[in-house]
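Subject: Structure handover

Hello,

Here is the structure I promised to pass on. Please open it alongside this note, which walks through what turned up.

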Amino acid sequence: MDQEKLLAPMAATVVRVDVRPGDEVRAGQQVVVLESMKMEHLVRAPAAGVVAAVEVAAGEAVKQDQPLLALDPVDGAEAEPVAEPADLGDLRADLAEVRRRHEVGLDANRPDAVRRRRERGQRTARENLADLCDPGTFVEYGALVVAAQRQRRGLDELIARTPADGLVTGVAEVNGSRCVVLAYDATVLAGTQGAYNHAKKDRMFTLAARQRLPVVLLAEGGGGRPGDTDVPTVAGLDVPSFHLFARLSGLVPLVGVVSGRCFAGNAALLGCCDVVIATGDATIGMGGPAMIEGGGLGVYAPEEIGPLSVQVPNGVVDVAVADEAEAVRVARRYLSYFQGPASDWSCSDQRALRAAVPESRVRAYDVRTVIDTLADTDSVLELRSEFGVGIVTALVRVDGRPLGLIANNPMHLGGAIDADAADKAARFLQLCDAHGLPVVSLCDTPGFMVGPEAERTATVRHFGRMFVVGANLSVPICAVVLRKAYGLGVMAMAGGSLKVPVATVSWPTGEFGGMGLEGAVRLGFARELAAIEDPERRAAAEREMVRQAYEHGKALNTASMFEVDDVIDPAETRTWITATLASAAAGSGPGKRRPHVDTW
């Protein structure tokens, strides 16, 4: 048989020759080791044979296709045995080291940190994320990061004491849809914001913008961290985190959750969120105790700074909950309204709506009963329930479809809209507009709140927000008049005009006018009433004028002049909502519908 030349597969340097002339080799046996571009390449015998000549030596440079050695083939020789596959359960040393590093930051290996959380009645950051995310879907980014403090602490200590630099981040599915999730770890440097966890946030916020993923932020922590030494900086004010997060407003849903203490930079991020969900022990402030004391503003315990007794009625917190488990449930539920329709739903007997508004036009009633009956069963999530109480704002479902809903509250100021209620409604309309939720407006208002005290709250500007926001909505509105529909107030509830909604309908109890009936009579017929000297006759005349005004402005008469689209059986309200909003929203496309959602 002809002698066979073994050629160099590439230009390289000979590292080692493993055979000598006269050696027998098997097919597949390693015979030469070459190095090219700092990588070693094994050259194996193509067939069994005897080495006739070795034509290179260690350290020699060879060209591609240059002969390395010559083989005299041998028939019937055994091939090089195939190596047994490695046990798939065995870990190489490099992989074992990586796994050990990951395990250091897990709760199972941090018993002292877990114990401290239990003593405060709280869960760990990783427990909250495990509860938030669909099982098996969380992929962590930056798990191996440690605090930027190598100049003052040993690496082993940083690995043990500052896992993930105090911020657990990643992507996961929530209710089957992908989201970005971030949880500050208050057991690591008090959940403060260090150089590398800023970098981790920047990475995740950029990813959320690029892929249009909702963001859930668990924001517990103490704000900026002055102790990082590894990153050269003077003031550290050039971090883009706050800019990047704020840019997400209006593009993707932003959900903030807080338990425990949330101060300074952590609170700044929380305040950018569309919705803030807080546990009963939460304290939220733009400065913590140290910052307040350092500014000469007094000495306070953390619990005195922005407790829920302050932050719920002032509107900072949208939903107050008992504990972290409930907070996570509410976060998942909130996200579900922006993840499409529900296939499994039911609703109350709609005939109950026929008696929801009292026959007496001056008797108050609870509009939340109307909302609960009108919406799918257990589908109402009210936001900012203790702020701006004159208007109810809620996420609801009708026939499984998510909607936003605003409603006047006749239990407060008779349904009149004050400054806080106007702000609350305007911001909620922006939220719905940004994320494509059509709006149902339940109207029962005598108008805007007026008077010297009201004007001290800058009502002119606050009321103007409702008109400006309503006039620039891209999502459709369906307006339903339950009872009073007077003046500028009802116009603001309908986007600026009763002709703005895709449908404006009234229940039989509806009454319409440029202002409240009693005020309109006293103002418009002041001379006639003053001319009646007898007080009893004057009062009787006024009642008759109000009755006539009511007959003129009642829903049936208003509809006869086509100022509203119809007067309907209250039991048919859901039909109007689904029919008109479904057709109106059919052409809506994806994208950023508005620049941002007001934080207020």
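**Overall shape**

The protein chain has a radius of gyration of 36 Å, whereas a compact globule of 600 residues would come out near 25 Å. Keep in mind that this is a predicted model. Taken along the principal axes, the C-alpha atoms fill a box of roughly 135 × 60 × 35 Å. The chain holds 20 helices and 25 strands.

**The four-stranded sheet**

Start near the beginning of the numbering. Four strands form an open sheet there, in the order S1-S8-S6-S3. The pairing is antiparallel. Its edge strands are S1 (4-7) and S3 (24-25), and each of them pairs on one side only.

Now look at S6 and S8. Strand S6 covers residues 49-54 and strand S8 covers residues 67-73. The two run antiparallel and are joined by five bridges. To find the register, go to Gly49, which stands opposite Pro73 in S8.

**Pairings of S2**

Strand S2 (residues 12-17) is worth a separate look. With strand S7 (residues 61-62), S2 pairs in the antiparallel sense over two bridges. Here Thr13 stands opposite Ala61 in S7. S2 also pairs with strand S4 (residues 30-36), again in the antiparallel sense, over four bridges. In that pairing, Val14 has Leu34 of S4 as its bridge partner.

**The seven-stranded sheet**

Further along the chain comes another open sheet, this one of seven strands. The order is S9-S10-S11-S12-S13-S15-S17, and the pairing is mixed. Strand S9 (139-141) and strand S17 (319-321) stand at the edges. Each has a single partner strand, so one side of each is left without a neighbour in the sheet. On average, neighbouring strands of this sheet are turned by 20 degrees against each other, direction ignored.

One parallel pair is S12 (residues 215-218) with S13 (residues 254-258). Four bridges join them. Val215 has Leu254 in S13 as its bridge partner.

Helix H10 (residues 324-336) lies across several of these strands. They are S10 (167-174), S11 (177-184), S12, S13, S15 (275-279) and S17. Against S15, H10 runs at about 160 degrees.

**Cavities**

How many cavities of 30 Å³ or more does a search of the whole structure find? The count is three.

The largest cavity holds about 110 Å³ of space. It is lined by 14 residues, and the closest to its centre are Asn128, Leu218, Glu220, Ser259 and Glu324. Which elements each supply at least two residues of this lining? They are helix H3 (125-132), S11, S13 and H10. So the sheet's edges aside, S11 and S13 are worth following here too, as is H10, which lies across both strands. By class, the lining of the largest cavity has eight nonpolar, three polar and three charged residues.

The second largest cavity holds about 50 Å³. Its lining consists of Asp318, Leu383, Arg384, Thr393, Lys424, Arg427, Phe428 and Leu431. Helix H12 (residues 419-434) gives the most to this lining, with four residues. By class, there are three nonpolar residues, one polar and four charged in the lining of the second largest cavity.

**Where to begin**

For a quick tour, start with Gly49 and Pro73, which stand opposite each other in S6 and S8. Then move to Val215 and Leu254, the bridge partners in S12 and S13. Finish at Asn128 and Glu324, which are among the residues closest to the centre of the largest cavity.

Best wishes

Definitions and conventions: Residues numbered from 1 in each chain as written. Predicted model: local features only at pLDDT ≥ 70, side-chain atom pairs only at ≥ 80, totals over all residues. Heavy atoms only, no water. Pairing = 2+ DSSP bridges. Axes fitted to C-alpha atoms, helices over the stretch in contact; angles between N-to-C directions. Contact = heavy atoms within 4.5 Å. 1 Å grid on protein atoms, 1.4 Å probe; cavity = no way out; pocket = protein on both sides within 12 Å on 5 of 7 lines; lining within 4 Å. Points joined across faces, edges and corners; volume = space filled by probe spheres on them. Nonpolar A, V, L, I, M, F, W, Y, C, P; charged D, E, K, R; others polar. Rg over C-alpha atoms; globule rule 2.2 N^0.38 Å.
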